[in-house]
Amino acid sequence: MATKVLLAEPRGFCAGVEMAIKALTWMVQVFEPPVYCYHEIVHNAAVVNAFERAGVVFIDDIADVPLGRPVMLSAHGSAPEVVTAASERGAVMVDAVCPLVTKVHHELRRMADKGYDIIYVGHEGHDEAIGAIAEAPTAAQLVDPRVGLDTFEPRSGSKVALLAQTTLGLYEWEGVLDSATGRFPDLWTARKSDLCYATTNRQLAIQKLAERSDLLLVVGSENSSNTQALVRVGRNAGVPTFRIDDAEGIDDAWLEGVDVVGVTAGASAPDQRVQNVIERIAPSEGIELIRVTEEDEYFPLPPQLRRFMATLQALVEGGFACRTPGQHGPVELDREMSATEALSILGV
Ligand code: SF4
């Protein structure tokens with residue numbers, strides 16, 4: 001039986017996931033179902049299932065949105081033609097792209113306009129990589145970090161830029177960065193790597209857990225890139241590391257002879273799942289929080305949703321004077337609500 005759980009801090013929901021979950025929660029509260037969502041809102045099965053029960057239909061082809069239905073685009077960022085098509089089809093279109101992914105889209109367009117060939121380090125088939133590459137399809141080439149740079153041939157070795165999927169493992173990014181710098185001395189990269197704060201913080205935290213853990217458990221879905229990166233960081237540190245969706249995923253054999261269990265969660269995993277895992281482990285000496293940094297990032301709701309709700313609110317106030325004039329409405333109070341509270345409305 002394990003004596004202790006080391007619990008990573010930060011873990012779980014990042015600011016982009018918080019924003020996207022709350023935005024879709026508003027959509028299902030405001031509109032009659034079905035509400036359509038292009039791609040999984042975030043890569044977590046529990047979250048996706050909860051929204052499906054609440055009337056959201058997830059689609060992978062924007063043509064599947066019936067004309068005039070409300071539609072949301074996922075946090076991973078969509079191709080420009082998808083955004084345009086969604087605006088044309090949907091009565092209300094809300095793009096819940098994370099602002100940190102939007103930044104990479106801007107960089108892709110800017111460097112392509114300057115005539116650079118772009119190495120985009122990402123995972124083949126991942127929603128974020130597909131949406132990003134579509135910003136500069138002739139200039140950008142997807143380089144999977146597991147494959148490397150061998151097939152990348154720019155028009156000019158002096159005009160090469162390096163950009164990345166936000167949720168990569170640090171070790172994946174650094175490997176490509178090293179070989180690209182060696183091959184292209186004039187390489188352009190963003191001043192700060194494109195790996196987002198949440199990705200790097202969670203990876204630093206699991207490294208810290210690995211120093212004292214006999215076993216590492218990472219809560220998150222299989223298709224979550226940052227969850228998989230956490231698993232690889234744990235294994236690279238030499239500690240047996242497993243990904244689980246929930247407490248039921250724990251194999252009793254993993255816990256045999258184990259004293260200290262490190263627990264963390266990917267950026268799209270609800271914290272309730274983490275609590276279930278701790279209850280299942282039932283450490284005899286309790287939990288110790290291992291904090292590597294404080295996170296207080298906050299991303300406001302998508303502008304289309306803010307505008308829509310402000311209009312709705314003004315209409316209701318105009319008609320029924322339902323709130324005291326001058327008091328804050330739900331958009332202004334958004335920061336006070338967490339995605340966990342939003343999910344509890346949906347019964348997660
Ligand atoms: S993991 Fe990073 S880039 Fe992705 S949604 Fe969260 S904050 Fe945004």
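H76 counts as buried, because 28 C-beta neighbours lie inside 10 Å; the cut-off for a buried residue is 20 or more. The model in which this residue sits is predicted. H76 belongs to the loop that runs between β4 (71–73) and α3 (80–89). Beyond its neighbours within four places in sequence, H76 is in contact with H39, V101, D127, E128 and G131. Q165 is 89 residues away from H76 along the chain. The C-alpha atoms of H76 and Q165 are nevertheless separated by 9.7 Å.

H39, one of the contacts of H76, has a backbone feature of its own. Its phi is positive, about 70°, although H39 is not a glycine. Most residues other than glycine have a negative phi. H39 is placed in the loop between β2 and α2 (45–53). H39 also counts as buried, because it has 23 C-beta neighbours inside 10 Å.

A positive phi recurs at A282. The value there is about 50°, and A282 is not a glycine either. This residue is found in the loop between α10 (271–281) and β13. A282 has 10 C-beta neighbours inside 10 Å, so it counts as exposed. The cut-off for an exposed residue is 12 or fewer. H39 is thus buried, whereas A282 is exposed.

Two peptide bonds are described next. Most peptide bonds are trans. The bond that joins E9 and P10 is cis, with omega at about 5°. P10 is in the loop between β1 and α1. The bond from P33 to P34 is also cis, and its omega is near 0°. P34 lies in the loop between α1 and β2 (35–38).

The protein chain as a whole has 12 helices and 13 strands. Its C-alpha atoms fill a box of roughly 65 × 60 × 35 Å along the principal axes. For 348 residues, a compact globule would have a radius of gyration near 20 Å; the chain has 22 Å, which agrees. Of the 348 residues, 45% are buried. Among contacts with a separation of 6 or more, 74% are between residues 24 or more positions apart.

The domain assignment of the chain gives two entries: domain 1 (1–32 + 196–348) and domain 2 (99–189). Their C-alpha centres lie 28 Å apart. At the boundary, 12 residues of domain 1 are in contact with 11 residues of domain 2. On the side of domain 1 that touches domain 2, α7 and α8 each supply at least two residues. The most comes from α8, with 6 residues. By class, this side of domain 1 has 4 nonpolar, 7 polar and 1 charged residues.

The ligand is surrounded by 15 residues. Of these, C14, G16, C98, T166 and C196 come nearest. Three helices, α1 (15–30), α4 (99–113) and α7 (197–210), each supply at least two residues of the shell. The largest share, 3 residues, comes from α1. The shell has 10 nonpolar and 5 polar residues, and no charged ones. Domain 1 and domain 2 both give residues to the shell, so the ligand shell lies between them.

Helix α7 takes part in both settings. It supplies residues to the shell around the ligand, and it also supplies residues to the side of domain 1 that touches domain 2. The 14 residues of α7 should span 20 Å at 1.5 Å a residue, and this agrees with its end C-alpha atoms, which are 20 Å apart. Buried residues of α7 are A198, T199, T200, N201, R202, Q203, A205, I206 and L209. These buried residues pack against strands and helices alike. The strands are β1 (4–9), β10 (215–219), β12 (260–265) and β13 (287–291). The helices are α6 (170–183) and α8 (225–236).

Methods:
Residues are numbered from 1 along each chain as its sequence is written. This is a predicted model: local features need pLDDT of at least 70, side-chain atom pairs count only at pLDDT 80 or more; totals for chains, interfaces and linings use all residues. A residue is near a molecule or strand if its C-beta atom, placed from the backbone, lies within 6 Å of it. Helices (H or I, at least four residues) and strands (E, at least two) are DSSP runs, numbered from the N terminus. Ala, Val, Leu, Ile, Met, Phe, Trp, Tyr, Cys and Pro count as nonpolar, Asp, Glu, Lys and Arg as charged, and the others, Gly among them, as polar. Domain bounds come from an automatic or database domain assignment. Two residues are in contact if their C-beta atoms, placed from the backbone, lie within 7 Å. The expected span of a helix is 1.5 Å times one less than its number of residues. The radius of gyration is taken over C-alpha atoms; the globule rule is 2.2 Å times the number of residues to the power 0.38.
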